[in-house]
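Here is a short note to read beside the model. Please keep the structure open while going through the points.

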Amino acid sequence: MEQVEGFRLQKEGRAITVQEGRLIVPDDPIIPFIEGDGTGRDIWRASVRVFDAAVQRAYGGQRRIVWCEVYAGEKAFNTLKTWLPEETVQAFRTYVVGIKGPLTTPVGGGIRSLNVALRQLLDLYVCLRPVRYIRGVPSPVKRPEQVDMVIFRENTEDIYAGIEWEAQSPEADKVIRFLQDEMGVKKIRFPESSAIGIKPVSRDGSERLIDASIQYALRHQRRSVTMVHKGNIMKFTEGAFRDWGYALAADRYRNETVSLRESWILDNKEKNPNLTVKENALFIDPGYKDMTPDRQAKVREEVEAALALWPTHGDGRWKRKLLIKDSIADITLQQTLTRADEFDVIATLNLNGDYLSDALAAQIGGIGIAPGGNINYRTGHAIFEATHGTAPKYADMDKVNPGSVILSGEMMLRHLGWNEAADLVVRGLEEAIARRQVTYDFARLLRTEGTTDVKELKCSEFATAVIGNMG
């Protein structure tokens, strides 16, 4: 495992390359890693053993990962006097795919978040968060086995763009005056004491995120893509995100997809072939009679457009298409609890995705076992990461659950196309948990639930158990 100060080209291994949007992965790829702050040291030592064992067992020594340590966070600051060295960013650019543990967010000025900085500097526009229940994991909900979702969270826009000004600062005052004097804004309730933030949501950013989610759903034969938004309030940002998504699906994936409303129209026609356009409109919009003539005409046009799909989608064929639908963010947080099996792939904006991914992680055992990846599907660049914090009070105690990094590494192996090794990681982890071989967090919850045959393991011992259960 080569350690570098900052970053230099590796003497061993070969770099992953990208040709026509496809990763070209050698048998000895160089993978930069950041071990992370706090408990990151314990977690990384455990996780890397799992990755190496899976690759060795899957390929009999024909493949191996050449690990290249790069710095960020406290280790970078203590060693190089900077929280995020340019050499680290360059390493991820050069070697394309990497992995990291949890990082400290610096207190005070400068970088708001090292994680956000890496995503934006490398344009890793998708935060990919698969959330799937593993049998035997203690859960606070009654039916955690219904949770099997993949979240595509937009990573570079929304409020995480960091465009904001402190209350009563000259910059905030200037922006407020511009909004009031030049734009005629009357809705700032307390302009003298207001901080101001700007929420950019672009068509380009929205489309590339939603396009990636649809491609993923088609490739993995998922049932639906749900666009989660707050467009009923933020009509020109989150509402546009939804509208751009429907338009993209209809334009680029017409033969492979059907919208929810289109499915209603086609189903109505199948149940009653003699149904008129107006009657169909009444079924899909019960308030049709009270609409203005212009709005009624638009609903009828929508019905006619859906019925024009009959040659490719009619006679029940729409049921085999990828379903495209949308859901308001607040009701989504409720329905992922009450009807989790109705959600599959989710595409959403940055803040919604932050809330939703952590809320869903709680249903499957917490963020300690929730993996994540930040990906640019156009260039192949990706950084996989722990989704939890640094928990410094447990640092160097060999105690915490390494599941988040282990499963993030499993995602990384699949991104490389090394599915056999990824399958071994999943098998080993699932079997260890099924045998009640778990770290203290799961052990405590299992005992609270009345389970007595629990073997509480250290972080390093859990990695050994995962390796031993690969089969």
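**Notes on selected sites**

1. Start with E262, which sits in helix α8, residues 260-271. Keep in mind throughout that this is a predicted model. Is E262 buried or exposed? Its relative accessible area is 16%, so E262 counts as buried, the cut-off being under 20%. Setting aside residues up to four places away in sequence, E262 touches R254, A306 and L309.

2. Next, the domains. The chain is divided into domain 1, made of 9-137 + 367-470, and domain 2, covering 164-197. Domain 1 is thus written as two stretches of sequence. How many Å separate the centres of the two domains? Taken over C-alpha atoms, the centres of domain 1 and domain 2 are 42 Å apart.

3. Now K100. UniProt, in an unreviewed entry, places the feature "modified residue: N6-succinyllysine" at this residue. K100 belongs to strand β6, residues 97-100. Its relative accessible area is 2%, and K100 is therefore buried. A reader should hold the annotation and the burial side by side.

4. What surrounds K100? Leaving aside neighbours within four places in sequence, K100 is in contact with I34, N115, L118, I383, F384, E385, A386 and V405. One of these partners, N115, deserves a separate look. The side chains of K100 and N115 are joined by a polar contact of 2.7 Å.

5. S113 also carries an annotation. The unreviewed UniProt entry gives "modified residue: Phosphoserine" for S113. Where does S113 lie? The residue is in the loop between β6 and α4, the latter spanning 114-121. S113 has a relative accessible area of 16% and is buried, because buried means under 20%.

6. Last, K142. Here the unreviewed UniProt entry has "modified residue: N6-acetyllysine". K142 is placed in the loop between β7 (126-132) and β8 (148-154). Is K142 buried or exposed? With 80% relative accessibility, K142 counts as exposed, because the cut-off for that class is over 50%.

7. To recap the annotated sites: K100 is buried at 2%, and S113 is buried at 16%. K142, in contrast, is exposed at 80%. K100 is in a strand, whereas S113 and K142 are in loops. The three annotations come from the UniProt record, in an unreviewed entry.

Notes:
Residues numbered from 1 in each chain as written. Predicted model: local features only at pLDDT ≥ 70, side-chain atom pairs only at ≥ 80, totals over all residues. Heavy atoms only, no water. UniProt positions renumbered as here; feature names shortened; annotations may be inferred. Helix = DSSP H or I, 4+ residues; strand = E, 2+ residues; numbered from the N terminus. Buried < 20%, exposed > 50% of the residue type's maximum accessible area, 1.4 Å probe, protein only. Contact = heavy atoms within 4.5 Å. Polar contact = N/O pair within 3.5 Å; in protein donor to acceptor, adjacent residues only side chain to side chain. Domains from an automatic or database assignment.
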